[in-house]
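Dear colleague,

I am handing over the structure we spoke about, and below it I have set out what was found in it. Please read the notes with the coordinates open beside them.

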Amino acid sequence: MSIDIDTARRVAKLARIRVEEDALPALAEEFNAVLGFIEQLSEVDVDGVEPMTSVTPQRLKRRVDEITDGNMQEKILKNAPDAREGFFAVPKVVE
Amino acid sequence: MSDLNKLTLSEARDGLRKGDFTSVEVTETCLSAIAASGALNAFVHNTPDIAMEQAKAADARIASGDAPAMCGLPIGIKDLFATKGVDTQAGSRILEGFKPEYESTITTKLFDAGAVMLGKLNMDEFAMGSSNETSVYGNAVNPWKVDDRALTPGGSSGGSAAAVAADLCLAATGTDTGGSIRQPAAFTGIVGIKPTYGRCSRWGVVAFASSLDQAGPMTKTTRDAAIMLEAMCGHDAKDSTSADLAVPNFEAMLTGDIKGKKIGIPKEYRMDGMPEEIAKLWDEGADMLRAAGAEVVEISLPHTKYALPAYYVIAPAEASSNLARYDGVRYGHRAKLAAGDGIDDMYEKTRAEGFGHEVQRRVMVGTYVLSAGFYDAYYNRARKVRTLIKKDFEDVFAQGIDAILTPATPSAAFGLGEMSDSDPIQMYLNDVFTVTVNLAGLPGVSVPAGLSAKGLPLGLQLIGRPWEEGDLLNIAHSLETAAGFVSKPEKWW
């Protein structure tokens, strides 16, 4: 599997990272180095092997579904780059 | 007393309880050492006011006879741990200015046990790196030096390792996703343990790869590792993967008696091209354990070779998901927008400016392996290989093996910048002996065991059975005693 410039552009878009057009060839090359390394996994016989979902055999704990916390709007907004009138502010999303 | 910063945790604890000195005195000595350590770039956010306040409170507790394990002991905290009101950046520009409104479970536990925080420690950005060269703060520098080159302290917990080795603090917290506690510990001649997955709560620790991340202590001795690990462990309702198991008194388990323990030497770890001095150190370590009464046997972990490739699918995949939260909306950096820029421009520009090169690469690799059409070929296959890697370990433990001895790293510390021209895989190979442990969720400890021909520290790794950190530390303690590693870096900074 080899990654071309179009794929690199698409992956950058999916990851929401702006990559300028002139940086795409180098990025594609780096992807190919990493993917070439990963490619070794295809040698392994994984027939009938379950993909790991949890490294420890424990069952996740359950808890009662109840409100335990809240009413901290100010704290939640404190670190926002742009917070106004009790909300996170972002560029216009609806025309 | 001017050398209080050079004490181990156990020495300082005992001295404080006896009244030989106060926490304020130990803390002041560490703060002076930190003030004079700019060249190491280990501490990146200093918190002297918090430290002095905590030290005074600790002295009062000690005077009143209420002195838990860590009471009055000054430590450094990796920048990955959320500390309330104190800069927490995970070594990244994208979290510039972020001051959490909450405290991580581990730092809460340490502070409840009386520990004193001196400041936050340098690290690779989002813990992605093996040399501390991906940090927004610049490189942390190894206090060990053998020529005019500045050496890496390893990574990602490079600042923690440098700070402990240089006696800027008595111990530090680290985190380990693929070797990030054990490799820097080995590069700087200190002890670092990654406990079993689930031992330490991950709540409030900035997430990199959630199924692999574990926090642990980085200390001057195995005894200190036992003391500090106990203070860090325990069930936490806020982390659903944290284990609801009793935490033993690890220090009490350091009996020094390892007679009859079965130590495995995995033949697959004897890699082609392994430097002679690493192979020799490994053999010597096996001899030391044998001399202490352990039985040393060759074992096989057949899927070892596939651990790094599996890791470089699973870790980036989880990272791409975890790091999606850095969008310029809720915290940290937001790019300056041009007129007419929409919300996608904001995301893309913010993440391009805020993430460094290695983080961007891993997020995009993760995005790729999770994308439609490749999910089965890469991500699911890697998770199956991970099952096989874990089974390799289960098989040898079922044969009665108590612990496994391996080198900690394929080399001694290398020069900062020396790897910058090589492809990323060369850097990834640093974790070849440690990454299997994260994939299998096991405890692993790095113990300083000798010096390289050039005079740099080398470490050996012991891997234990799940939840058997106490037994593992006891074997590590025997190895430490037999190796008798006492060298310290000569002060040049």
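Helices and strands are named here as DSSP runs, a helix having at least four residues (H or I) and a strand at least two (E), and they are numbered from the N terminus. Please keep in mind throughout that this is a predicted model.

With that naming, B:Ser156 falls in the loop of chain B that runs between strand 3 (116–121) and helix 5 (158–165), and the peptide bond that leads into this residue from B:Gly155 is cis, with omega near 10 degrees. The loop between strand 3 and helix 5 of chain B also holds B:Asn132, for which phi is near 60 degrees, a positive value in a residue other than glycine.

Strand 3 of chain B enters into a salt bridge as well, since the side chains of B:Asp79 and B:Lys120 meet at 3.8 Å, N to O. This pair links distant parts of the chain, with B:Lys120 in strand 3 and B:Asp79 in the loop between strand 2 (74–78) and helix 4 (105–112) of chain B, 41 residues apart. Over all chains, the structure holds 37 salt bridges.

Further along chain B, strand 7 (residues 262–266) and strand 8 (residues 295–299) pair in the parallel sense over five bridges, and within this pairing the bridge partner of B:Gly264 is B:Val297 in strand 8. Between the two strands the chain passes through helix 8 (residues 276–291) of chain B, and the resulting β-α-β crossover is right-handed.

As for annotation, an unreviewed UniProt entry carries the label "domain: Amidase" for residues 25–473 of chain B. Over residues 25–473 the model of chain B is 35% helix and 14% strand, and the end C-alpha atoms lie 30 Å apart.

The remaining notes concern the interface, where the contact takes 68 residues from chain B and 50 residues from chain A. Together the two chains bury about 5,300 Å², of which 67% is on carbon and sulfur atoms. The count of salt bridges between chain B and chain A is nine, and one that you may wish to look at is formed by the side chains of B:Glu101 and A:Lys78, at 3.3 Å, N to O. Across the same interface, 22 residue pairs are in polar contact, with both residues at pLDDT 80 or more. The elements that give two or more residues to the side of chain B that touches chain A include helix 9 (307–322), helix 10 (343–354) and helix 12 (375–398) of chain B, and helix 12 gives the most, with 11 residues.

With kind regards

Note on methods:
Residues are numbered from 1 along each chain as its sequence is written. Chains are lettered from A and ligands numbered from 1 in the order in which they are written. This is a predicted model: local features need pLDDT of at least 70, side-chain atom pairs count only at pLDDT 80 or more; totals for chains, interfaces and linings use all residues. Side-chain values use heavy atoms; hydrogens and water are left out. Two strands pair if DSSP finds at least two bridges between them. A crossover is right-handed if, with the strands pointing away from the viewer, the path from the first strand over the helix to the second runs clockwise. UniProt positions are given in the numbering used here, feature names are shortened, and annotations may be inferred rather than shown by experiment. Contact means heavy atoms within 4.5 Å. Buried area is the accessible area (1.4 Å probe) that two parts lose on being put together, summed over both. A salt bridge is a side-chain nitrogen of Lys or Arg within 4 Å of a carboxyl oxygen of Asp or Glu. A polar contact is a pair of N or O atoms within 3.5 Å; within protein, one must be able to donate a hydrogen and the other to accept it, and residues adjacent in sequence count only if both atoms are side-chain atoms.
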